[in-house]
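Work through the exercises below with the structure open. Try each task before reading its solution.

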Amino acid sequence: MCGIVGYNGKDKAVDILLDGLSKLEYRGYDSAGIAIRDKKIEIYKAKGKLTNLKEKIKDKELNGTCGIGHTRWATHGEPNELNAHPHISNDGIVTLVHNGIIENYQELILKLKKHNYEFYSQTDTEVLTNLIEYYYKKYKMGPIDAINRTMVRVRGSYAIAVMFKDYPDEIWVARKDSPMIIGLNENGTYLASDVPAILKYTKTVYYIDNLELACLRKDKVIFYDLNGDEIKKELKEIKWDVSSAEKEGYEHFMIKEINEQPVVIKNTINSLVKDNNIDLSKTGLTEEEIKKISQIYIVACGSAYHVGVCAQYILEDLTRIPVRVEIASEFRYRKPILDKNGLVLIISQSGETADSLAALREAKSQGIKTLSIVNVVGSSIARESDHVLYTLAGPEIAVATTKAFSTQLVACYALAIEFSKILNKIDNNIYLDLIDELETIPEKISNMLDNLTTDIQKISSKFSHIHDAFYIGRGLDYAISLEGSLKLKEVSYIHSEAYAAGELKHGTISLIENGTLVVGVVTQEDIFEKTISNLVEVRSRGAYTIVVTEEGKDVSKVSNNTIFVPKTNRYFFPSLTVVPLQLIGYYMAVSKGLDVDKPRNLAKSVTVE
Ligand code: BG6
């Protein structure tokens with residue numbers, strides 16, 4: 001999950017490439033490189049963050065108006081300058097950047113070595129570069145033929161941008177499974193792995209599909225299919241604004257995005273609620289289809305999976321349809337037994353996560369209806385699903401998701417409420433009450449952010465020295481504890497586990513000792529006392545407890561620090577309790593001086609297995 005960019009136009013490419021790469025660093029940041037074509041192609045690469053590359057070229061005169069760039073998340077070959085992209089072919093005919101993984105690269109190395117090719121790096125990408133050169137020289141049919149033969153020959157995922165020595169004013173691109181967007185304006189043509197990299201220059205874009213290639217000229221883009229025939233593409237307009245890809249005075253994108261939650265949740269609710277009714281018509285799912293659903297399978301990765309765990313409780317309770325929640329990387333290889341009248345619900349912020357995409361294809365291969373909840377318009381999961389429900393979180397830059405998570409939650413609430421009404425599980429009064437309460441969530445979160453942030457900063461910075469923490473809850477509180485624990489791990493590198501509070505005494509409570517931090521989430525009325533007694537158990541073993549609970553509740557006997565969230569319907573508490581949990585993770589990381597937006601070893605969307 002690297003980031004690639006490219007520009008071909010009237011302006012100096014170097015500034016546009018570096019700016020684009022800085023907007024893609026959340027995809028990978030262990031090395032970076034650019035290739036600029038002026039009289040000849042000049043390649044510059046550096047290990048580490050983009051700042052190292054900028055430092056390296058700061059005194060260089062790079063006036064070329066055509067170039068490609070890359071920021072890396074190493075998969076094949078350690079992060080170093082040699083393995084950084086762009087890569088160049090043996091005879092220098094092909095210069096290339098790549099996002100994805102070539103699965104059969106070892107077999108191809110053997111093939112190419114038979115033709116005297118040598119390799120200077122440990123990467124799969126260098127193989128791709130030389131294979132294109134190999135076909136280009138062998139068949140002498142130009143870039144289209146060479147790239148198409150390569151696409152037929154390789155297995156895996158890729159988005160590539162290629163410069164051919166013999167074609168000075170052109171950049172060639174192709175993709176399969178890895179994301180790419182192509183932009184156009186009066187100053188030239190642009191390519192990138194994700195929208196924020198080109199949003200500053202244009203909102204007019206093309207979506208290139210799988211196994212298609214394109215030639216980016218200075219004033220136009222021409223598309224071809226695998227047969228080499230030209231294909232027409234429609235230009236689309238992106239709705240996001242540039243500022244959404246900037247920090248706007250916040251120290252980190254994560255805290256900016258936490259504070260954007262009231263607005264983006266409101267936008268997502270407004271896109272789903274029309275005249276006091278939930279309107280799912282945009283998904284294309286009909287009432288008849290909903291009535292036939294026998295089972296729901298929610299499949300996702302990371303935080304999106306935790307949205308699924310929350311949704312399971314709410315969907316089953318409101319619709320009485322059985323719900324299974326599946327980790328995508330397990331689901332795709334488990335040959336799951338799916339009921340033919342089932343619905344597979346894929347949840348993904350990026351819409352490009354490889355395991356979730358493969359799970360979607362698995363469901364489709366079994367003829368099961370698919371619905372996806374996705375944040376990125378035009379992403380692979382959105383385009384390949386039978387039905388899609390877009391969240392309106394806007395571009396999410398911080399690797400640890402916050403606002404997208406919250407918009408996915410409200411999207412699941414809307415699904416559950418509407419399905420429940422269609423299945424006559426709730427009457428119209430309850431239906432309207434739920435919608436009314438749902439619409440109070442944005443303001444409740446806004447008030448919490450105003451009133452709680454400083455206190456949570458104080459509480460959290462007291463614990464930056466700890467090595468372990470536990471999050472406990474029951475029911476929906478357990479589901480949201482999973483997300484709270486992940487947020488802490490992702491950004492503060494503190495080991496943490498979330499536990500169903502009732503399960504703790506069956507083993508893990510042995511880890512609780514004096515001063516162990518336990519974060520308890522206690523909002524679910526029907527199991528309130530149960531969770532309180534579990535907090536008594538950990539306190540009696542010396543735990544220090546932070547308790548997140550509903551305003552007006554007395555948890556003083558089991559809490560060293562209490563964080564109150566406003567009253568709401570029991571189904572909607574995850575939307576409120578997740579906010580203090582996000583802030584705890586954020587402020588623990590800040591007090592450790594960590595790079596919160598780009599945590600080590602992580603990336604925003606994992607487009608490889
Ligand atoms: C990880 C991100 O790479 O992928 C997480 O760091 C995210 O924040 C997970 O939850 C799943 O990503 P997506 O885009 O499918 O929701």
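## Exercise 1: An aromatic chain of contacts

Tyr 167 is partly exposed, with a relative accessible area of 27%. The model is a predicted one.

**Task.** Find the ring that pairs with Tyr 167, then follow the contacts onward and classify each pair.

**Solution.**
1. Start with the count. There are 11 aromatic pairs.
2. Take Tyr 136 and Phe 164. Their ring centres are 5.2 Å apart, with 35° between the planes, and the pair is tilted.
3. Place the two residues. Tyr 136 sits in helix 4 and Phe 164 in strand 7 (residues 156-164). They are 28 residues apart, so this pair links distant parts of the chain.
4. Move on to Phe 164 and Tyr 167. Here the centres lie 6.3 Å apart and the planes differ by 80°. Planes over 60 degrees apart count as edge-to-face, and this pair is edge-to-face.
5. Check burial. The cut-off for buried is under 20% relative accessible area. Tyr 136, at 10%, is buried. Phe 164, at 0%, is buried too. Tyr 167, at 27%, is partly exposed.
6. Look for a cluster elsewhere. Ring pairs join Tyr 7, Tyr 190 and Tyr 201 into one.

## Exercise 2: The inward face of a helix

**Task.** Which residues of helix 2 are buried? Decide how they are arranged around the axis of the helix.

**Solution.**
1. Helix 2 covers residues 50-57. Its buried residues are Leu 50, Leu 53 and Ile 57.
2. Look down the axis of helix 2. The buried residues fall within an arc of 60°, so they line one face of the helix.
3. Ask what they pack against. The partners are helix 1 (13-24), strand 2 (31-37) and strand 3 (41-47).

## Exercise 3: Closed spaces

**Task.** How many cavities of 30 Å³ or more are there? Describe the lining of the largest and the second largest.

**Solution.**
1. The count is two cavities.
2. The largest cavity has a volume of about 230 Å³. Its lining has 25 residues, and Pro 179, Ser 193, Asp 194, Glu 352 and Val 376 lie nearest the centre.
3. Sort that lining by class: 11 nonpolar, eight polar and six charged residues.
4. The second largest cavity has a volume of about 70 Å³. Its lining includes Cys 2, Arg 72, Trp 73, His 76, His 85, His 98 and Asp 124.
5. Strand 6 (94-102) and helix 4 (124-139) each give at least two residues to this lining.
6. By class, the lining of the second largest cavity has two nonpolar, seven polar and two charged residues.

## Exercise 4: Open spaces

**Task.** Compile a profile of the largest pocket and of the second largest pocket.

**Solution.**
1. Begin with volume. The largest pocket has about 780 Å³, and the second largest about 630 Å³.
2. Find the centres. In the largest pocket, with 30 lining residues, Ile 238, Lys 239, Trp 240, Val 377 and Leu 392 lie nearest the centre. In the second largest, with 28, these are Cys 301, Gly 302, Ala 603, Lys 604 and Val 606.
3. Identify the elements. Helix 7 gives the most to the lining of the largest pocket, with three residues. The second largest pocket draws at least two residues each from helix 9 (302-319), strand 20 (342-348), helix 11 (354-365) and helix 16 (476-492).
4. Set out the classes.

| Pocket | Nonpolar | Polar | Charged |
|---|---|---|---|
| Largest | 12 | eight | 10 |
| Second largest | 12 | 11 | five |

Technical notes. Residues are numbered from 1 along each chain as its sequence is written. This is a predicted model: local features need pLDDT of at least 70, side-chain atom pairs count only at pLDDT 80 or more; totals for chains, interfaces and linings use all residues. Side-chain values use heavy atoms; hydrogens and water are left out. Buried means under 20% relative accessible area, exposed over 50%, partly exposed in between (1.4 Å probe, protein chains only). Helices (H or I, at least four residues) and strands (E, at least two) are DSSP runs, numbered from the N terminus. The arc is that of the directions from the helix axis to the C-beta atoms. Contact means heavy atoms within 4.5 Å. On a 1 Å grid over the protein atoms alone, a cavity is a set of points where a 1.4 Å probe fits but cannot get out, and a pocket is an open set with protein on both sides within 12 Å along at least five of seven lines; lining residues have an atom within 4 Å of a point. Grid points are joined across faces, edges and corners, and a volume is the space filled by probe spheres set on the points. Ala, Val, Leu, Ile, Met, Phe, Trp, Tyr, Cys and Pro count as nonpolar, Asp, Glu, Lys and Arg as charged, and the others, Gly among them, as polar. Rings of Phe, Tyr and Trp (its six-membered ring) pair if their centres lie within 6.5 Å; planes under 30 degrees apart count as stacked, over 60 as edge-to-face and the rest as tilted.
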